[in-house]
Amino acid sequence: MLSRRSRKAKKKAKRHKKIKFSVVLGVVAALIIYGAWGVSAPAPSKSEAPKKAQVSRSAPVLAPATLEITIYNQVTSQTLPGIPISIGRVFLTTDSSGSAQADGLTEGEVDITVRAQGYGVHEENLVLESGDNTAAIRLESSTETSVFEIGSFERKAYLTIDDGPSRRWTPKVLDILAREKVPATFFLIGRRAALQPDLVRRIYLDGHEVGNHTYSHDYRELYGGSSRNLFYSLSRNSEMLAGILGFSPNIWRPPGGVTGNFRAGWQSRVAAAGYVTVLWNVSTGDGSTQTTSSQMVENSITYLDRLGPKEQAIILMHDVRAPITVALPKIISEIRKRGFQFAVLEDKTRITGLVRGP
Ligand SMILES: [Zn+2]
């Protein structure tokens, strides 16, 4: 476990060293193009409030910049070779590892054009700056010819279990997952993790992934004031989880989702601080104390059957009440029946922008 994590951490550190500017291109939650300016800027720290972009516009600096783009399939994590990209007058094609690098760019506006088979031509105008920059660009698939033809397609299902750890229910959920041999992603609340550090370790050692669900989970505290409060709760939980596990996850889920909670600019500030927001598209509805286990199964079926034939499923449930212990094996069976492979969410999965459940 430790070696797996330290390898991952090393890989992450290496990537961050190169990354200054990232471009994320999503294709109907299928393709992500992830780019980086290869200039030495510090990696965004999760435990800090977001920094303002350190840009001095009054004195134009013609420092050469390097742009590195890697294109990969979000679902299979497979990188995509042979994708033509043009950046201004520089023409590139991704190499066998799905990467392309443009050297000697200068600060200012650049036009980036990407031609990925099945997704038409995507053009974007970006401003290169010397500070931390992040831009998100969404691509729409124009045809059924999809990027999955390049990689092997597996339809993934991500069980996500929020609000724990709970001394009473989490061990039961972990037993079910072990019996079913299914991995899940647990979005943990810091003040609960503080009380149950052994349970946090068991979640991770059992092979599951953990995510940040803020320290307090208190809506009024998180969303009632400035975004500082949200960042405080996020970084406090990061520190709590790092103290227990030796790392803090980049993935996080906003309590209650984003809609109606976030104000303008919050989403980009959270992303700029290095957090990857994970929402959901299948809600079991068990956020409500009224929901029974059979309703959880019915809700799951309803949402699963609304997904497109190649869409991945992110299932939302909670391990702080009894119904999950009855519903979970049945929900797993319904997911299996539909041909999904179970997987955990990780930093590189970078899934955002799904629906708010009932
Ligand atoms: Zn929650």
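## Strand E10 and its surroundings

In strand E17, Ala 157 has Phe 342 as its bridge partner. That pairing is a handy way into this predicted model, since strand E10 (residues 156-162) is mostly covered, with seven of its seven residues buried. Below is a quick tour of E10, then of Thr 185 in strand E11 and Leu 230 in helix H6.

**Which way E10's side chains go**

- Lys 156, Tyr 158, Thr 160 and Asp 162 point one way from E10.
- Ala 157, Leu 159 and Ile 161 point the other way, and both sets are buried.

**Who pairs with E10**

- E10 and strand E17 (residues 341-342) run parallel, and two bridges join them; Ala 157 and Phe 342 are bridge partners here.
- Strand E16 (residues 313-318) also pairs with E10 in the parallel sense, this time over six bridges.
- Within the E16 pairing, look for Ile 161 standing opposite Met 317.
- E11 pairs with E10 over four bridges, again in the parallel sense.
- Thr 160 of E10 has Thr 185 as its bridge partner in E11.

**How the chain gets from E10 to E11**

- Helix H2 (residues 170-180) belongs to a β-α-β unit together with E10 and E11.
- That β-α-β unit is right-handed.

**A closer look at Thr 185**

- You'll find Thr 185 in strand E11, which covers residues 184-188.
- Is Thr 185 buried or exposed? Thr 185 counts as buried because it has 25 C-beta neighbours inside 10 Å, and the cut-off for buried is 20 or more.
- Leaving out residues up to four places away in sequence, Thr 185 touches Tyr 158, Leu 159 and Thr 160, which sit in the residue range of E10 (156-162).
- Other contacts of Thr 185 are His 208, Glu 209, Gly 211, Val 344 and Leu 345.
- Take Gly 211 from that set: Thr 185 and Gly 211 are 26 residues apart along the chain, yet their C-alpha atoms are separated by 6.9 Å.

**Over in helix H6: Leu 230**

- Leu 230 is part of helix H6, which spans residues 227-245.
- Why does Leu 230 count as buried? Leu 230 is buried because 24 other C-beta atoms lie within 10 Å, against a cut-off of 20 or more.
- Leu 230 and Val 270 are 40 residues apart along the chain, and 9.3 Å separates their C-alpha atoms.

Methods
Residues numbered from 1 in each chain as written. Predicted model: local features only at pLDDT ≥ 70, side-chain atom pairs only at ≥ 80, totals over all residues. Buried ≥ 20, exposed ≤ 12 C-beta atoms within 10 Å, placed from the backbone. Contact = placed C-beta atoms within 7 Å. Pairing = 2+ DSSP bridges. Right-handed = clockwise from strand over helix to strand, strands pointing away.
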